[in-house]
Amino acid sequence: MKEELLKDPVFGMAAGQFDRVADFLNLDERVRERCKWPKRIITVSLPVTMDDGRMEIFFGHRVQHHLSRGPVKGGLRFHPNVNVGEVAALAMWMNWKCALMGLPYGGGKGGITCDPRKLSMAEQERLTRRFAEEISTFIGPEIDVMAPDVGTTPQHMAWILDTYSTREGRFVPEIITGKPVELQGSEGRTQATGHGVAFLASRALNKLDLPVAGATAIIQGFGNVGSYAASTMASYGMKITGVSDITGAIWNGDGIDLNALQNHVAESGGIAGFTGADKIDPDKMLLQECDVLAPAALERVITKDNASQLKCKILAEAANGPTTPEADAIIEARGDIFVIPDILCNAGGVTVSYFEWVQNLQRFSWTKTEVLTKLETKLNEAFENLLLFCGEHKCAHRLGALATGIEAVAKVKKTRGLFP
Ligand code: NAD
């Protein structure tokens with residue numbers, strides 16, 4: 001199994017990062033191995049009746065990296081590239097993220113190999129419900145709590161809630177987070193990840209003594225995270241000069257009108273064809289001069305081929321795993337880019353998911369202002385602690401963030417001991 005996982009480039013990347021940090025922390029060999037490998041890997045086949053009457057089999061995965069600090073927490077992804085290795089890597093990163101943020105969770109991730117853009121909503125509903133049913137014995141509010149990720153939305157979470165609650169014979173809102181507010185989802189959850197990205201980018205600008213108002217930003221990906229990061233940055237007076245999604249990339253040096261872009265995307269399904277900006281090659285967009293570059297789509301987009309050409313002052317890693325280790329080494333050697341590592345940069349999502357779970361368990365709800373204020377307090381605390389740690393240890397931000405998360409998990413493993 002180890003060899004099989006390591007064959008996947010995304011898992012290989014996460015494992016390589018882990019090894020580097022484990023060396024840095026001088027982790028005891030026994031604890032090191034237990035921290036590195038996932039506790040449970042569940043793969044299920046999902047027979048679904050398609051709209052034309054055919055039956056198609058999809059495959060879904062859920063990886064629970066560890067449960068030593070609490071239930072597993074992590075998103076559910078619908079994407080054609082989903083495989084066990086990628087899901088296991090994302091589950092591992094979730095671990096360190098939850099620990100870094102001080103949340104009482106282990107890390108998990110799920111995914112179904114499919115292209116949601118080619119499925120009708122009725123097909124997506126049947127697929128989601130089938131997945132929820134097949135893994136229902138492995139999840140639970142105290143075991144594994146899912147949330148949205150690439151290709152899934154609050155509506156998918158509502159179907160999972162309904163399937164699980166029907167099975168239990170009672171309403172169980174705490175089984176899932178990122179659900180619609182009318183089903184006891186949290187105020188502020190939809191925008192939480194993007195809001196956190198923008199908030200941390202503004203804190204990084206403060207640290208570099210650069211004004212936030214008027215600062216420029218380029219955002220790759222205009223889904224949940226990218227679009228809310230953009231609108232929150234715009235609300236700070238920042239100028240969004242470049243945006244891309246799977247349909248193409250656009251550029252306007254004077255700043256893109258985000259309301260007009262949102263309307264265009266809602267009508268046409270993508271940013272291609274937007275007339276308020278020029279078309280630009282998506283790869284070249286990443287290399288334009290800006291204060292903040294926020295990759296908010298998929299993994300491994302900042303590579304050894306483009307890292308030396310980046311012209312940003314801040315790299316705000318909104319997506320999970322956007323920077324390869326080779327690119328990381330180049331950025332570290334350059335020393336002129338302030339990196340906000342993914343496990344901190346996009347932690348707003350899981351933090352408000354935690355708030356949602358707490359509200360559900362208490363059958364009590366907080367206002368949006370309460371939620372976003374608590375979120376900013378938590379993110380700021382983690383950000384300041386990271387800068388302190390990196391200053392003390394003279395290390396890069398990624399190493400510092402991973403080391404903080406991994407050390408917290410390792411400590412728990414050591415204290416709990418090995419049974420039997
Ligand atoms: P989403 O499905 O809502 O949006 C993904 C966006 O990326 C879409 O606009 C899509 O068109 C775009 N995209 C896909 N391929 C692209 C490409 N090759 N070039 C440019 N754009 C491309 O997904 P999301 O929830 O916004 O997640 C984005 C990233 O943020 C992922 O890495 C995810 O794991 C991470 N993340 C999400 C959350 C969350 O709360 N949703 C939390 C933490 C981390």
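## A tour of two sheets and the helices beside them

Begin with the open sheet of five strands, whose order is S1-S2-S4-S3-S5 and whose pairing is mixed. At its edges select strand S1 (40–49) and strand S5 (144–148), each of which has a single partner strand, so that one side of each is left without a neighbour in the sheet. From one strand to the next, the twist averages 25 degrees. Keep in mind throughout that this is a predicted model.

Within this sheet, select residues 72–79, which form strand S3, together with residues 106–113, which form strand S4; the two pair in the parallel sense over six bridges. To find one of these positions, pick Lys73, whose bridge partner in S4 is Gly107.

Next, add helix H4 (residues 84–100), which lies across S1, strand S2 (55–64), S3 and S4, and which runs at about 155 degrees to S4. In helix H4, choose Asn95, and ask whether this residue is buried or exposed. Asn95 counts as buried, because its relative accessibility is 0% and the cut-off for burial is under 20%. Showing its surroundings brings up His65, His66, Gly106, Gly107 and Val409, which Asn95 touches when residues up to four places away in sequence are not counted. The side chain of Asn95 also reaches the backbone nitrogen of Gly107, at 2.7 Å, and Gly107 is the residue already met as the bridge partner of Lys73. For a sense of scale, draw a line from the C-alpha atom of Asn95 to that of Gln262, which is 167 residues apart from it along the chain; the two atoms are separated by 33 Å.

Now move to helix H3 (residues 29–36), where the buried residues are Val31, Arg32, Cys35 and Lys36. These residues cover an arc of only 130 degrees around the axis, and therefore sit on the same side of H3. What do the buried residues of H3 pack against? Their neighbours are helix H2 (9–25), H4 and helix H15 (397–416). Turn the view around, and the face of H3 that points away from its buried side shows the exposed residues Glu29 and Arg30. At the N-terminal end of H3, select Asp28, which caps the helix with a side-chain oxygen that lies 3.0 Å from the backbone nitrogen of Arg30.

Staying with H3, look at Cys35, which is buried with a relative accessible area of 1%. The structure holds zero disulfides, and for Cys35 the nearest cysteine sulfur, that of Cys98, is 14 Å away. Another cysteine to select is Cys312, whose sulfur is 5.2 Å from the closest cysteine sulfur, in Cys290, which is too far for a bond because a disulfide needs the two sulfurs within 2.5 Å. Cys312 likewise counts as buried, at 4% relative accessibility.

The last stop is an open sheet of seven strands, in the order S9-S8-S7-S6-S10-S11-S12 and with mixed pairing. Its edge strands are strand S9 (278–280) and strand S12 (338–340), each of which pairs on one side only, and the twist from one strand to the next averages 20 degrees. Select strand S7 (residues 239–245) and strand S8 (residues 248–251) to see a pair in the antiparallel sense, joined over four bridges, with Val243 standing opposite Ile250 in S8. Finally, bring in helix H7 (residues 189–207), which lies across strand S10 (290–295), strand S11 (312–316) and S12, running at about 155 degrees to S12.

Conventions
Residues are numbered from 1 along each chain as its sequence is written. This is a predicted model: local features need pLDDT of at least 70, side-chain atom pairs count only at pLDDT 80 or more; totals for chains, interfaces and linings use all residues. Side-chain values use heavy atoms; hydrogens and water are left out. Two strands pair if DSSP finds at least two bridges between them. Axes are lines fitted to C-alpha atoms, for helices over the stretch in contact, and angles run from 0 to 180 degrees between N-to-C directions. Contact means heavy atoms within 4.5 Å. Buried means under 20% relative accessible area, exposed over 50%, partly exposed in between (1.4 Å probe, protein chains only). A polar contact is a pair of N or O atoms within 3.5 Å; within protein, one must be able to donate a hydrogen and the other to accept it, and residues adjacent in sequence count only if both atoms are side-chain atoms. The arc is that of the directions from the helix axis to the C-beta atoms.
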